[in-house]
Structure formats: C-alpha cells, structure tokens
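Subject: The structure we talked about

Hi there,

Here is the structure I promised to pass on to you. Have a look at it first, and then read on for what I found in it.

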Amino acid sequence: INTVEPAVKTVSLFDVLKAHCNEDIYFQTDRNWTALGAYYAYTRFTAAKGLTPISLEDCSKYEYTGFRGSLYSQSNSDEALEGSGTLVAYQPNFSASVTITDSSGDTSSSGLIVDVTEYNSDMKYCAFLGGDYPYILVQNNDITDGSSCIVVEETMGTAMVPFLAAHYQYVHVVDYRYWNGNLKTLAEENNVSDVLFINSIEHTSDYDANVSLAGLFS
C-alpha cells in the first residue's frame, strides 16, 4: 500500500487471477502468463482507471501449437516438461502501427500479434509485439487525442500491450533490461499521462534486473 506518493497506485491482481485459476492463465512450461491471464490483469487496470475494457469476443483469436517456454529451456530441455502447449493470442480490432527499436538503434515494423507458426517452439511468445526489444512504439491509428502511456516491462508485459493500446494513441514499451534511456525524459517529451510497471515476480530476485530498473531513473 502506497502512503508516500498518492499519484502512484498499485493494482492488485491476486484476486482476479485466483478467481480464474482453473483456466489457462499460465503456461505449464513458461513463467509468463498467457494472453488470457494478461487480459484478466488488464481488466483490473481498466477498472482502476475507470475505463471500459475491450471484449475478447471483439478480438481475432490465433492459436500457435508446439509452444515450449522458458522453463523448458532453463531445465536443459528436461523430458518431464516436453509436452507441447498451445499459445493463444488475441488481436484487437483497431488499426495499429508498431515500430520496434533493436539494441543497435535500428528500427523496423512489427504487429500487435505476429504469426509465429514457423518459429522454434521456445520462441513462440514472440507472437506478442514480435518479442523483446529495448523500445517499442505502438500507435493506435483510430485514436487522435494525443493520449500516451509508458509500459515498463520485461517479456511478461508484451502480452498485455495489445489490450492497453485500445485506450491510448501511443504506447511506449520499455524493456528495462535493454533500454538505456531516462524514464522521466521519455515521459516529458511525449506528454505521457500514465506509466505502468508490468513485471514477473521472478525478476525481483535478479540483481542485474534490479540494477537495470534503477538505471531508468538516473
């Protein structure tokens, strides 16, 4: 509970995820949540923000079979985790432009959802925004009010961004592990109204990740 800065709000996800714990909100072989888990978390954010969430029924649904996540890779491909899963992705029905900036500073176009049918089994989470990059800019071409937010994340955040982009003209996605900019400067230069931190609890025990996160404010 924040008692220091009233502008900082915590959106608790425990209850909503617990209420749907019998659904596929996490993968068997990956620490990241599924698109469905991300969607339920997104509905908690919209409730806190006073927004109306988009419906999954209004999204195009894609399924990519043969998914094996990071836990499978980190176990040296243990046969006990070999069972392949299906990654489901939801494409909201609005026009969006996605520009990714890689570690060399080069830019290219992506999509909210990328076809990963031919990707290796442990790379299919790249369906969301095309994967992990230092900086991604998502523009909702159907919104012209200049609204803008920043999402500070690692891999887990990418699954929620397609839903969040329904409410902002611009979503700036920063992967704090790779991005070397200053968060305050980015917010000021882009008239950002909201900064969201979406991260896996696992990274709180990662010293290098915490150093990188702190570096956003230096």
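In which sense do strand 3 (residues 96-101) and strand 5 (residues 135-140) pair, and over how many bridges? They pair in the antiparallel sense, over six bridges. Please keep in mind as you read that this is a predicted model.

**The sheet**

A little background may help here. Strands of a sheet pair through backbone hydrogen bonds, and they can do so either parallel or antiparallel.

In this model, six strands make up an open sheet, in the order 4-3-5-7-6-8, and the pairing is mixed. Strand 4 (107-110) and strand 8 (194-198) stand at the edges. Each of these two has a single partner strand, so one side of each is left without a neighbour in the sheet. From one strand to the next, the twist averages 20°.

Isoleucine 100 is a good residue to start from if you want to trace the pairing by eye. On strand 5, isoleucine 136 stands opposite isoleucine 100. On strand 4, the bridge partner of isoleucine 100 is serine 108. Strand 3 and strand 4 run antiparallel and are joined by four bridges. The hairpin of strand 3 and strand 4 has five residues between the strands, and glycine 105 takes a positive phi near 90° there.

For the parallel sense, turn to strand 6 (residues 148-153) and strand 7 (residues 170-175), which pair that way over six bridges. Cysteine 149 stands opposite valine 171 in strand 7.

**The pockets**

Next come the pockets. The largest pocket has a volume of about 1300 Å³, and 38 residues line it. Lys9, Val195, Leu196, Phe197 and Ile198 are the lining residues that lie nearest its centre. Which elements give two or more residues to this lining? They are helix 2 (35-49), helix 5 (183-189), strand 8 and helix 6 (207-215). Strand 8 gives the most, with five residues. So the edge strand you met above turns up again here. Sorted by class, the lining of the largest pocket has 24 nonpolar, six polar and eight charged residues.

The second largest pocket holds about 300 Å³ of space. It is lined by 15 residues, of which Asp24, Tyr26, Phe27, Thr34 and Thr86 lie nearest its centre. Helix 2 and strand 2 (85-92) each supply at least two residues of this lining, and the largest share, five residues, comes from strand 2. By class, the lining of the second largest pocket divides into eight nonpolar, six polar and one charged. Helix 2 is worth highlighting in your viewer, as it contributes to the lining of the largest pocket and to that of the second largest pocket.

**Some buried residues**

Finally, here are a few single residues to look up. Is threonine 46 buried or exposed? Threonine 46, which lies in helix 2, is buried, with a relative accessible area of 0%. Leaving aside its neighbours within four places in sequence, threonine 46 is in contact with Leu51, Pro53 and His167.

Glycine 69 sits in the loop between strand 1 (59-67) and helix 3 (70-74). Glycine 69 is also buried, with a relative accessible area of 0%. Not counting residues up to four places away in sequence, glycine 69 touches Thr29 and Asp30. Try finding lysine 124 as well: glycine 69 and lysine 124 are 55 residues apart in sequence and 8.1 Å apart in space, C-alpha to C-alpha.

Serine 200 has its place in the loop between strand 8 and helix 6. Its relative accessible area is 6%, and since buried means under 20%, serine 200 counts as buried. With neighbours within four places in sequence left aside, serine 200 is in contact with Arg31, Glu154 and Met156.

Alanine 209 is found in helix 6 and is buried, with a relative accessible area of 5%. Alanine 209 touches Tyr176 and His203, again not counting residues up to four places away in sequence. Between the C-alpha atoms of alanine 209 and tyrosine 178, which are 31 residues apart along the chain, the separation is 9.7 Å.

Enjoy exploring!

Best wishes

Key: Residues are numbered from 1 along each chain as its sequence is written. This is a predicted model: local features need pLDDT of at least 70, side-chain atom pairs count only at pLDDT 80 or more; totals for chains, interfaces and linings use all residues. Side-chain values use heavy atoms; hydrogens and water are left out. Two strands pair if DSSP finds at least two bridges between them. Axes are lines fitted to C-alpha atoms, for helices over the stretch in contact, and angles run from 0 to 180 degrees between N-to-C directions. On a 1 Å grid over the protein atoms alone, a cavity is a set of points where a 1.4 Å probe fits but cannot get out, and a pocket is an open set with protein on both sides within 12 Å along at least five of seven lines; lining residues have an atom within 4 Å of a point. Grid points are joined across faces, edges and corners, and a volume is the space filled by probe spheres set on the points. Ala, Val, Leu, Ile, Met, Phe, Trp, Tyr, Cys and Pro count as nonpolar, Asp, Glu, Lys and Arg as charged, and the others, Gly among them, as polar. Buried means under 20% relative accessible area, exposed over 50%, partly exposed in between (1.4 Å probe, protein chains only). Contact means heavy atoms within 4.5 Å.
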